[in-house]
Structure formats: C-alpha cells, structure tokens
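I opened my notebook beside the model and went through it place by place. These are the entries, in the order I made them.

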Amino acid sequence: MSTPLISVIVPVYNTEKYLHKCINSILNQTFTDFELILIDDGSPDNCGKICDEFAEADSRVRVFHQENKGVCVARNKGIDNARGEYISFVDSDDYLRDCALEVLYRDITAYNADISGAGGGRPGNNIQNTRCVVWKGKTALKKSLLDNPHTYSACRKLYRKDFVGDTRFEEGRKFNEDSFFVFCCFLKQPTVVIRNLTLYYLGGNPDSVSQSEFSENAFDILYFSERKQELVKENFPEFQAELNNIVIKANLSTLYMFCKTNKRKYRKDIKKCIKTIKKLKKYFIPITAGEKRFFRIVIYNLYGVYR
C-alpha cells in the first residue's frame, strides 16, 4: 500500500448520530491522497461497528479500538500511527467542506508552511473571503496570546508531521486541551498560513464538551492558562503583556462555566477569578462584543458582590 500524503485523525466517542456525515465528508474530499484514521475510544453506542463497516468498504480507512481513555489519548494514538507527511484532526460530530483538504494542502505547500488553517463555524455561516495571511516566527505565538480565533482549535488545520514531532495532546484533560496543543506548536515559531474561508462545520452536538453543563473539568481552563504562563515567562518574557490578556480570558471562560452552576462550594474559586481579572484588567483585549460585555459585568457588577 502506498504511503498517503495526509493522515486525517478522528477520535470517536458516543457520536453515532453524527458519525456517518463526518466520515462521508472526509471520504468525499476532492483531494484523495489521504488515509482516515478512526480511533474508537471505547464508545458505548454503535460507533465502533460503524467505523469497522467503513474500513471494510474503503481501503483508505484504518480503525483502532481502545478502552475509553479520553480524546487526548485517542488523538495521540492517531498521531503515533499516522503514515502521512501531513496530519489533520476532525471531531466525529463535525464535518468538512468537500474541498477542505485540497485547500489546506495547496496552501501549506504553496507557502512552504508548517501549518495551514482555515475558518470554521455553524452551517450557513460561511466565510467566503479567500484572503490569506501568513504568520512567521513569533507571530503565531503572539496571535495565540492575543486570542486570535484561528488559534483556538486543533481542527480545521493541516500540520507537517515532522514539524509536530514529539508534541502531543496533554492526556487527562477535557477543556482547552486542543488549543494548548496548538499553542505548543506555536512555541516552535512556525510559518503558518491562514485562509479566511470556511472549510470546517460544527455538527451542533449538544452532548459535546463545549456544549455541556458545568463540571470539574472546567478547571482545565485555568490549568492550561498556568502552563502557558510558565512556558512564556521562561522562553518569551517579552510577551508578558499579551500573556496577561490570555490569563484574563481564561478566568472569564471559567467564570462563564461557573454561571452554569449554583453550588456554593465554588464561591472562593469565583472570587479568585474575579480578583485576577480586576488586577489585570488594563491588559484585556476583547475579540467579540459579548466578551467585552461579560468583562464589564464582572468588573462593575460581580466584583462588588464577591469582593
């Protein structure tokens, strides 16, 4: 069997309702020189069976079954078993535009880049402006600290596998684990090309981690914020101001998750988040109107309640 150019890695867990659409969107790509790696993460529904059926029907599909160990372990297993020169990630409740791999591959080769990326969103919210931007050296890292939306997700990107090297997803975490993977890639000062074109669609699964109710996993947001602080202070101290911005964003995101619960045991954690935001408020750089509005509520309303 010839070596594929691209390995598409899909961790699969409890997404039976969405899985056919996800897999078909990959297999029907206009770019065909790829392998599809499906990691069945001990899914309790029929996902494992569905994966095996696709593997029997299409030689490009490879399936790995494992006990439930989480999305990070599943993605890492995909990286370790990828045979392509490039790797890409897709969540099993999402799907791709038919030209996604073609555009990402064309851009990463045309710009001699380490990572190519594009837009993503809900169906119907298409970005059709095809303008490209290129980040080189420390620029991608700075964009991440400024909370650029293209730095959030490990999906909707194509990575040179030899550039990724030994970088892996931090196992045992469920919130912000993918953005931390991207951040760690950006620490290597890559060349990144971003095309302002929607190629990746969110399936709208209400049971996905990003849509779920509050859980203790929300503290992963603050954990990864602390990890970023350690790495930036050690290697890029000139980005301290931008780092403070991302610390504020992490505390805002955690506070937003706290809004989904009324348990009094989190009162001290809420108070700590608010104090951190208040202390660093001059470094806040809002991306959206909603983010700016929530920041103002925290500073001018919640601070007085919890101080």
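**Entry 1: Gly121.** I looked up what Gly121 touches. Setting aside neighbours within four places in sequence, I found Gly121 in contact with Thr198, Tyr200, Tyr201 and Leu202. I note here that I am working from a predicted model. Gly121 belongs to strand E6, which covers residues 115-121. I then checked the distance to one of the partners. Gly121 and Thr198 are 77 residues apart along the chain, yet their C-alpha atoms are separated by 7.1 Å. Is Gly121 buried or exposed? Its relative accessibility is 11%, and the cut-off for buried is under 20%, so I put Gly121 down as buried.

**Entry 2: the whole protein.** I stepped back to get the overall picture. I counted 11 helices and 9 strands. The radius of gyration is 20 Å, and the globule rule gives 19 Å for 307 residues, so the protein is as compact as a globular protein of that length. Along the principal axes, the C-alpha atoms fill a box of roughly 65 × 40 × 35 Å. Buried residues make up 51% of the 307.

I also asked how the contacts are spread along the sequence. Of the contacts with a separation of 6 or more, 83% join residues 24 or more positions apart. The contact of Gly121 with Thr198, 77 residues away, is one example.

**Entry 3: surface and charge.** I wrote down about 14600 Å² of accessible surface, with 46% of it belonging to carbon and sulfur atoms. I have 47 positive and 38 negative side chains in my table. The centres of the two sets lie 12 Å apart.

**Entry 4: Asn245.** I moved to helix H9, residues 240-258, where Asn245 sits. Asn245 has 0% relative accessibility, so it counts as buried. What does its side chain reach? One polar partner is the backbone oxygen of Leu145, at 3.0 Å. Another is the backbone nitrogen of Ile285, at 2.8 Å. I then listed the contacts of Asn245 beyond four places in sequence. They are Leu145, Leu146, Asp147, Tyr283, Phe284 and Ile285. Both polar partners, Leu145 and Ile285, appear in that list.

**Entry 5: Ser144.** I went next to helix H5, residues 139-145, which holds Ser144. Ser144 has a relative accessible area of 4% and is buried. Beyond four places in sequence, Ser144 is in contact with Thr151, Phe183, Phe186 and Ile246. For contrast I took a distance to Arg62. Ser144 and Arg62 are 82 residues apart in sequence, and their C-alpha atoms lie 33 Å apart in space.

**Entry 6: helix H7.** Two partners of Ser144, Phe183 and Phe186, led me to helix H7, residues 177-186. How many residues of H7 are buried? I get 10 of its 10. Among them are Phe183 and Phe186, together with Glu177, Asp178, Cys184 and Cys185.

**Entry 7: Ser225.** My last stop was helix H8, residues 219-235, where Ser225 has its place. Ser225 comes out at 5% relative accessibility, so I count it as buried. Not counting residues up to four places away in sequence, Ser225 touches Ile246, Val247 and Ala250. Ile246 was already in my notes as a contact of Ser144. Ile246 therefore touches both Ser144 and Ser225, given that contact means heavy atoms within 4.5 Å.

How values were computed: Residues numbered from 1 in each chain as written. Predicted model: local features only at pLDDT ≥ 70, side-chain atom pairs only at ≥ 80, totals over all residues. Heavy atoms only, no water. Helix = DSSP H or I, 4+ residues; strand = E, 2+ residues; numbered from the N terminus. Buried < 20%, exposed > 50% of the residue type's maximum accessible area, 1.4 Å probe, protein only. Polar contact = N/O pair within 3.5 Å; in protein donor to acceptor, adjacent residues only side chain to side chain. Rg over C-alpha atoms; globule rule 2.2 N^0.38 Å. Areas by Shrake-Rupley, 256 points an atom, 1.4 Å probe, with all protein chains shown as cover. Lys, Arg positive; Asp, Glu negative; His and termini not counted. Charge placed at Lys NZ, Arg CZ, Asp CG, Glu CD.
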